[in-house]
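Here are my notes for you on this structure. Have it open while you read, and look up each spot as we get to it.

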Amino acid sequence: MEPRDVSSSCKDFFIENELVAVLTTQPLDRLLDYRAPEGGCHAGAFVEVPLGPRKVLGVVWGAGRGDFDIAKIRQVIRVLDVAPMRAEMQDFLRRAADYTLTPMPAMLRLATRAPGLSNPPSMQKIYRHGRMMPARMTDARKRVLAVLEDYGGLAFTLGELAEQAGVTPSVIKGLVGQGAVLEEDCPRDLPFPWLDPDRGGKALTEDQANAAEVLRDAIRGGDYGTTLLRGVTGSGKTEVYLEAVAETLKGRRQALVLLPEIALTSEFITRIEARFGAKPAEWHSGVTMTERRRTWKMVGEGGAQVVVGARSALFLPFRDLGLIVVDEEHDNSYKQEDGVLYNARDMAVLRASICGAQVVLASATPSLESWANAEAGKYRRLDLKARFGPAVMPEMRAIDMRCETLPSSRWISPSLQAAVNARIARGEQALLFINRRGYAPVTLCRACGHQIGCDHCDARMVEHRFQKRLVCHQCGETKPVPQTCPSCGAEDRLAAVGPGVERLTEEAQALFPDARIATLSSDMFGSARALKEQIREIAEGDTDIVIGTQLVAKGHNFPRLTLVGVIDADLGLQGSDLRAAERTFQLMRQVAGRAGRAEARGAALLQTFQPEHPVIRAILSGNEEGFWRAEADERRHAGVPPFGRMAGIILSSPDAQQVFDFAAELARRDAPVRAIGAQVFGPAPAPIARIRGRHRVRLLVKAPKGVALQGALAKWVGQLKIPAQLRLSIDIDPQSFY
């Protein structure tokens with residue numbers, strides 16, 4: 001859908017019964033004309049309109065066209081009591097839709113992902129943790145108090161709290177009567193506490209102070225610009241960009257800080273509160289629906305100065321956005337892989353360019369795209385070359401697994417075991433890292449060789465022994481671990497093959513029986529708050545050995561952690577992903593950076609069967625600029641991103657023949673993309689050829705940099721009518737190829 005650019009007209013207000021064009025959240029291919037409601041409405045107003053027998057949410061996009069029977073045009077039901085959508089937000093949604101080839105209603109759904117927007121302003125009962133303990137404790141009461149504890153004092157409505165705890169409302173009311181839960185009357189949506197930019201931050205090093213002053217100058221200029229803030233792990237990048245946040249607040253503008261992982265938000269919000277005297281607004285899946293609605297409304301009204309959130313926070317209706325920080329900008333989680341396919345890093349730059357904001361892309365190991373943009377002069381680059389205070393970078397060494405002697409069922413080498421024992425003896429912490437969730441990636445029958453797969457996907461099921469289940473990491477399907485082989489019926493012949501984080505925990509418990517061990521994996525915690533609590537306990541030193549997946553590589557600060565052991569440094573180098581070298585380099589350097597962030601010198605040991613591999617050598621040497629230049633030369637020679645353009649076409653259908661036939665016909669009619677010098681590869685079955693019962697086929701388009709790729713793709717796929725059961729999605733700048 002490409003709505004006509006009606007918002008470019010100068011008309012700002014429409015009187016009663018004047019025709020307005022409304023963009024709704026419904027999957028329609030056009031704007032709909034309505035009559036303005038009683039009292040009129042502004043351009044950008046959020047409205048409720050009739051659509052058939054239903055009432056749906058929409059935005060007044062501009063003047064109506066009136067190109068059909070005027071007598072049939074219905075009236076807007078009402079204008080919602082929220083701030084109208086600003087013209088720059090409309091422009092952002094339109095341009096993001098054009099870039100990602102996404103229908104506008106889907107973009108509007110992204111921008112209205114808050115419950116109860118149509119509710120009128122009113123008072124409501126909210127429930128928080130009280131100070132008293134109930135006279136009699138039951139399991140139901142324990143669950144209520146645990147939820148309130150997990151969410152760190154956030155407010156719940158009665159229904160939300162009852163649902164989260166799995167209890168009836170009467171249980172909560174009983175706790176209110178005993179003072180264990182507080183019941184308060186509260187306006188549905190209050191402004192957030194005021195943040196004081198003059199409160200004063202930490203003393204900065206010379207490098208930090210120089211970088212902070214450059215950012216402050218850019219923000220005072222009031223124009224768009226993007227800065228790559230590159231600093232080694234532990235160099236204090238956060239303190240530098242918090243100075244940029246302070247300058248933004250002094251200019252009475254809003255700031256957005258994007259984090260790649262919910263588990264990082266707790267520690268970061270504590271730092272914001274210490275720096276500015278109050279907590280910011282949060283926007284991610286770990287906050288309650290009540291808080292999400294409040295954040296959405298207050299952002300639009302200017303009642304939220306700083307938002308800390310996940311990638312979707314980019315689509316909040318900021319009144320005056322002056323700064324966007326993308327922390328750990330290289331992280332893959334900034335790419336939305338379902339629904340609207342977008343990269344939050346790129347969309348942050350787009351949004352800032354529209355509203356005249358500054359962007360700070362912070363990372364110890366930047367993406368090659370950002371590195372290349374800085375090299376080309378498109379982005380400013382600031383470097384922090386040393387760790388803050390007495391901390392120094394960890395020593396990095398390889399453990400050549402070809403020279404180690406250990407049983408086939410063991411993965412912690414004798415050399416790594418000895419290093420862990422030495423650190424524990426000194427009262428320090430060690431981290432054992434493996435980037436595999438679950439207990440074992442494959443469950444194999446030793447009688448017939450059958451590997452247990454998902455019933456709905458062409459993927460092997462992963463054993464999660466702590467849950468006593470097999471789990472499909474594609475569709476989420478689970479089932480008990482069978483006692484007999486589902487193929488040949490043999491009993492007691494199923495074997496777990498390969499290590500996952502749970503199996504590594506089991507091995508560590510046997511090797512280090514007296515150690516306190518904590519396992520960190522995203523699927524092992526019932527809530528984001530529970531995960532944050534575990535991370536807090538580790539940071540406070542309640543653990544000797546941390547065993548984790550890539551979750552632990554994302555910005556955590558564990559002061560007592562001085563040793564990192566990477567179990568399988570070769571894991572990411574397998575396969576044909578064009579970003580395999582880059583991702584392995586980033587992940588290994590990031591996880592190694594968890595070591596030695598305080599006074600004690602850290603070490604990182606990488607278990608590898610190929611220590612001579614160029615990527616492993618680059619990781620160990622620390623020659624990051626050399627690695628980026630070599631990687632850039634290879635990509636430039638191949639004409640792939642960031643020196644060329646790519647798009648993935650993903651087709652899926654329950655009917656395998658249908659999807660292959662459609663893909664083949666699409667490939668035959670590739671003239672529109674060949675006309676811009678692009679090549680089409682495929683069709684071919686996707687690496688995971690079936691997910692949730694749908695057969696998947698991919699085509700890959702490779703084009704020269706600078707060509708009008710989106711227009712050619714739209715023309716290409718527009719030649720064919722898509723059958724009802726078939727889904728087609730276009731992934732501009734794909735990050736994965738599964």
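The points below go through a helix pair, the cavities, the aromatic rings and some backbone details.

1. Before anything else, keep in mind that this is a predicted model. Whatever you read below describes that prediction.

2. Let's start with two helices, α3 (residues 139-150) and α4 (residues 158-165). They pack with their axes 9 Å apart, at an angle of about 110 degrees. Angles from 65 to 115 degrees count as roughly perpendicular, and α3 and α4 are therefore roughly perpendicular to each other.

3. Which residues in α3 and α4 meet? On the α3 side, look for R143, V144, V147 and L148; on the α4 side, they meet L161, Q164 and A165. Sort the residues of this contact by type and you get five nonpolar, one polar and one charged.

4. Now for the holes inside. How many cavities of 30 Å³ or more does the structure hold? There are four of them, and the largest has a volume of about 110 Å³. In that largest cavity, 15 residues form the lining, and the closest to its centre are H330, N332, R345, S367 and Q735.

5. Stay with the largest cavity for a moment and check what its lining is made of. Eight of the lining residues are charged, six are polar and one is nonpolar. Helix α15 (residues 580-592) gives the largest share of this lining, with three residues.

6. Next, the aromatic rings. A pair of rings is described by the distance of the centres and the angle of the planes. Rings of Phe, Tyr and Trp pair if their centres lie within 6.5 Å, and by this rule the count comes to seven aromatic pairs. Take F315 and Y342 as an example: their ring centres are 5.2 Å apart and their planes stand at 75 degrees, so the pair is edge-to-face. This pair links distant parts of the chain, 27 residues apart. You'll find F315 in the loop between β13 (306-309) and β14 (321-327), and Y342 in the loop between β14 and α10 (344-355).

7. Have a look at two cis peptide bonds as well. One runs from P641 to P642, with omega near 5 degrees, and P642 sits in the loop between α17 (624-638) and β28 (644-653). Another joins G682 and P683, with omega at about 10 degrees; P683 is in strand β29 (residues 679-691).

8. Last stop: L101. This residue is not a glycine, yet its phi is positive, at about 55 degrees. Look for L101 in the loop between α1 (87-100) and α2 (104-110).

Notes: Residues numbered from 1 in each chain as written. Predicted model: local features only at pLDDT ≥ 70, side-chain atom pairs only at ≥ 80, totals over all residues. Heavy atoms only, no water. Axes fitted to C-alpha atoms, helices over the stretch in contact; angles between N-to-C directions. Helix = DSSP H or I, 4+ residues; strand = E, 2+ residues; numbered from the N terminus. Parallel < 35°, antiparallel > 145°, perpendicular 65-115°, else oblique. Contact = heavy atoms within 4.5 Å. Nonpolar A, V, L, I, M, F, W, Y, C, P; charged D, E, K, R; others polar. 1 Å grid on protein atoms, 1.4 Å probe; cavity = no way out; pocket = protein on both sides within 12 Å on 5 of 7 lines; lining within 4 Å. Points joined across faces, edges and corners; volume = space filled by probe spheres on them. Phe/Tyr/Trp six-rings, centres within 6.5 Å; stacked < 30°, edge-to-face > 60°.
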